[in-house]
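I opened a new notebook page for this protein. My plan was to look up confidence, fold, surface and a few single residues.

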Amino acid sequence: MRLISPEWFGAMPLLGVSWISIAASTLSGVLTVWLAARSPAKRAAKVSPLTAVSGNAGQTVLFRKAANVSLFKIETALGVHHAKARKRNYILITGAFAVCIVLFLTFTCLVDFMKHAFTPPEWTPELSIVSETNTCSIDHELFAQVSQNELVKKAYFFIL
């Protein structure tokens with residue numbers, strides 16, 4: 001940000017390490033993983049080891065056909081097979097992918113937009129005076145007053 005707009009972000013340090021943010025992100029990451037792993041571990045502890053490994057604990061809907069392992073590895077095929085078994089799982093997975101794609105595209109476009117927003121082209125005027133009806137009907141006297149002001153470097157009057 002300092003390179004893009006030194007006027008706005010000149011006081012920002014080039015490289016800074018915030019120990020508080022590192023500790024907070026580590027704590028939140030560990031807590032999230034611990035909570036996410038707790039529920040499947042509890043369910044797996046209540047069933048036999050074979051059922052826990054196969055992932056079919058609590059499966060009420062019987063599968064009509066086996067997972068297609070000819071196209072994918074067994075882990076991928078079983079994951080897709082179990083995801084499609086319940087409509088809710090399928091919707092959640094599809095929604096998660098959609099959110100990831102939207103966020104990726106948003107941030108990709110946002111970075112380019114912000115680059116142009118912080119450093120506009122040099123020919124972009126800092127101030128534009130336009131008539132209310134957008135008909136180029138501004139008085140010549142106003143142009144003369146603005147161009148005679150000592151703070152104004154350049155003034156242009158366009159006639160269409």
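**Confidence first**

I ranked the elements by mean pLDDT: helix α3 (residues 49-54) comes lowest at 70, and helix α6 (residues 140-148) comes highest at 85. The model is predicted, so I checked the whole chain too. The mean pLDDT of the protein is 76. I noted that 84% of its residues reach 70 or more.

**Fold and packing**

I counted the secondary structure elements next. There are six helices and zero strands. Along the sequence the pattern reads α-α-α-α-α-α.

How much of the protein counts as buried? I found 5% of the 160 residues. I then looked at contacts between residues at least 6 apart in sequence; 23% of them join residues at least 24 apart.

**Helix α4**

I tested the length of helix α4, which covers residues 74-85. Its twelve residues should span 16 Å at 1.5 Å a residue. The end C-alpha atoms are 16 Å apart, so the model agrees with the expected span. I also listed the buried residues of α4: Ala77, His81, His82 and Ala83.

**Surface**

I looked up the accessible surface of the protein, which comes to about 14900 Å². Carbon and sulfur atoms account for 67% of that surface.

Which residues make the nonpolar surface patch of about 560 Å²? I wrote down Val99, Leu103, Phe107, Leu110, Phe113 and Met114. I placed one of these patch residues, Phe107, in helix α5, residues 87-118.

**Tryptophan 8**

I went to helix α1 (residues 6-9), where tryptophan 8 lies. Is tryptophan 8 buried or exposed? Its relative accessibility is 57%, over the 50% cut-off, so tryptophan 8 counts as exposed. I then took a distance to phenylalanine 118. The two residues are 110 apart along the chain, and their C-alpha atoms are separated by 8.8 Å.

**Alanine 155**

I ended in the segment after α6, where alanine 155 is found. Its relative accessible area is 29%. That value falls between the 20% and 50% cut-offs, so alanine 155 is partly exposed.

What does alanine 155 touch, leaving aside its neighbours within four places in sequence? I found contacts with Phe143 and Ser147. I also checked proline 125, which is 30 residues from alanine 155 in sequence. The C-alpha to C-alpha distance between alanine 155 and proline 125 is 9.6 Å.

Terms used
Residues are numbered from 1 along each chain as its sequence is written. This is a predicted model: local features need pLDDT of at least 70, side-chain atom pairs count only at pLDDT 80 or more; totals for chains, interfaces and linings use all residues. Side-chain values use heavy atoms; hydrogens and water are left out. Helices (H or I, at least four residues) and strands (E, at least two) are DSSP runs, numbered from the N terminus. Buried means under 20% relative accessible area, exposed over 50%, partly exposed in between (1.4 Å probe, protein chains only). Contact means heavy atoms within 4.5 Å. Accessible areas come from the Shrake-Rupley method with a 1.4 Å probe; for residues, only the protein chains shown count as cover. Patches are made of residues with over 30% relative accessible area and no salt bridge: like charges are joined within 9 Å, nonpolar side chains (Val, Leu, Ile, Met, Phe, Trp, Tyr) within 5 Å. A salt bridge is a side-chain nitrogen of Lys or Arg within 4 Å of a carboxyl oxygen of Asp or Glu. pLDDT is the predictor's confidence in each residue, from 0 to 100. The expected span of a helix is 1.5 Å times one less than its number of residues.
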